[in-house]
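Colleague: I'm just starting out with structures, and I'd like to go slowly. Please take a close look at chain B for me, and tell me how its parts fit together.

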Amino acid sequence: MMRRAFELLLRLGLGGLFAFAGAVKVRDPEAFFWDVHHFDLTPWDVSIGIAMFLPWVEIASGIALISRKLYLGAIAWCALMSTIFLGAISIAWARGLDITCGCFGRVGPENATNYPQHLALNGAMLGAAILLGLLALRPSALRIVDGARGANERPEVRSP
Amino acid sequence: MIGRILRESAIIAVLAALPAGVMAWQHLQVKPEGPLAPGEVRLSEAKAWEPAVLWVDARSPAKHAHRTIPGAVQIDPENWEERIPALLDAWDPDKRIVVFGDREGDAAATVALRLREEMQLSPVWMLHGGFEAWLRP
């Protein structure tokens, strides 16, 4: 019961966050393109591709997580995107870039990215995706454990 | 299990690619350039003035240090007093001053206004589209 409630909370939280992040970027793709390009990690055309594609992957993954359809694929996308965001933000911080990350579009004041805060948020998102993955795969993991126990354990012999 | 993850990930990618394609089609068509605001100059025109141009970078010192227009002098409202001597050293009455910010925003407009009114420098232009105009291929 607790596990189900925890999973539901995690699923709705992570799914809602990704769907929201994608929706605000879709509203102004040009601004998001510049946010991506200012990371200085990708050429012009690749930044355009990311700006067009990434928000919709976020929305699709978020909705899939919330509705529990294509569930493992959505978890994989969320984990992958969180890892990429962590890497990009870390590199930008290491290079001392004074940029807006564009993580949530242009919601809120357009200040330079608060790197520790964004790293913590993306780390939490990655952690949540990994946890959801573990919870989703748990039945098969239990079967493996049960199988191993069955092979190694002797049947209990009861004395008459 | 891995096969299922890959299959579902691919379906999500395809589902995302469809609206992404429509959005790209809508946004990547060549649009006519927007009208110039008073005091603005287009990049092509400002480039034609070179070398008689003093580029003034009104973005933050960190952004200026990372990448800027070659030869640009950085000054913004935050470090005005500290940076004005360097700007006056680079200034030449025969040069036109072109101030740029990120894309749009108040910093470039504020710097251009202060250069005109406080420093009595002329002519002072603002770059249409800001530094992002310079980055466009």
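Modeller: Let's begin with a word you'll need: two strands are said to pair if DSSP finds at least two bridges between them. Keep in mind as well that this is a predicted model.

With that in hand, look at the sheet in chain B. Five strands make up this open sheet, and their order across it is 1-5-4-2-3, with parallel pairing. At the edges you'll find strand 1 (40-41) and strand 3 (73-74) of chain B, and since each has a single partner strand, one side of each is left without a neighbour in the sheet. What holds such strands side by side? Strands of a sheet pair through backbone hydrogen bonds, in either a parallel or an antiparallel way.

Now let's walk across, starting from strand 1. Strand 1 of chain B pairs with strand 5 (residues 124-127) of chain B over two bridges, in the parallel sense. Here Glu40(B) stands opposite Met126(B) of strand 5. Next along, strand 5 of chain B is joined to strand 4 of chain B by three bridges, and these two run parallel. Met126(B) turns up again here, as the bridge partner of Val99(B). One more step takes you from strand 4 (residues 96-100) of chain B to strand 2 (residues 53-57) of chain B, a parallel pair with five bridges. In this pair, look for Leu54(B) opposite Ile97(B).

While you're tracing the backbone, stop at two of the loops. The loop between helix 2 (43-49) and strand 2 of chain B holds Pro51(B), and the peptide bond joining Glu50(B) to Pro51(B) is cis, with omega about 10°. Pro123(B) sits in the loop between helix 5 (106-117) and strand 5 of chain B. Its bond from Ser122(B) is cis as well, with omega near -5°.

Zoom out a bit now. The domain assignment splits chain B into domain 1 (1-30) and domain 2 (40-135). Taken over C-alpha atoms, the centres of these two domains of chain B are 41 Å apart.

Chain B also touches chain A. In that contact, 27 residues come from chain B and 32 from chain A. About 2600 Å² is buried between the two chains, with carbon and sulfur atoms giving 72% of this area. There is one salt bridge between chain B and chain A: Arg67(B) meets Asp40(A), with the closest N and O atoms 3.4 Å apart. Eight residue pairs are in polar contact between the two chains. On chain B's side, helix 1 (2-27), helix 3 (61-66) and helix 6 (130-135) each give two or more residues. Helix 1 of chain B gives the most, with 15 residues. Sorted by class, chain B's side has 16 nonpolar, four polar and seven charged residues.

Finally, follow that salt bridge over to its partner. Asp40(A) lies in the loop between helix 2 (29-38) and helix 3 of chain A. Its phi is positive, about 60°, although Asp40(A) is not a glycine.

Key. Residues numbered from 1 in each chain as written. Chains lettered and ligands numbered in written order. Predicted model: local features only at pLDDT ≥ 70, side-chain atom pairs only at ≥ 80, totals over all residues. Heavy atoms only, no water. Domains from an automatic or database assignment. Helix = DSSP H or I, 4+ residues; strand = E, 2+ residues; numbered from the N terminus. Contact = heavy atoms within 4.5 Å. Buried area = accessible area lost by both parts, 1.4 Å probe. Salt bridge = Lys/Arg side-chain N within 4 Å of Asp/Glu carboxyl O. Polar contact = N/O pair within 3.5 Å; in protein donor to acceptor, adjacent residues only side chain to side chain. Nonpolar A, V, L, I, M, F, W, Y, C, P; charged D, E, K, R; others polar.
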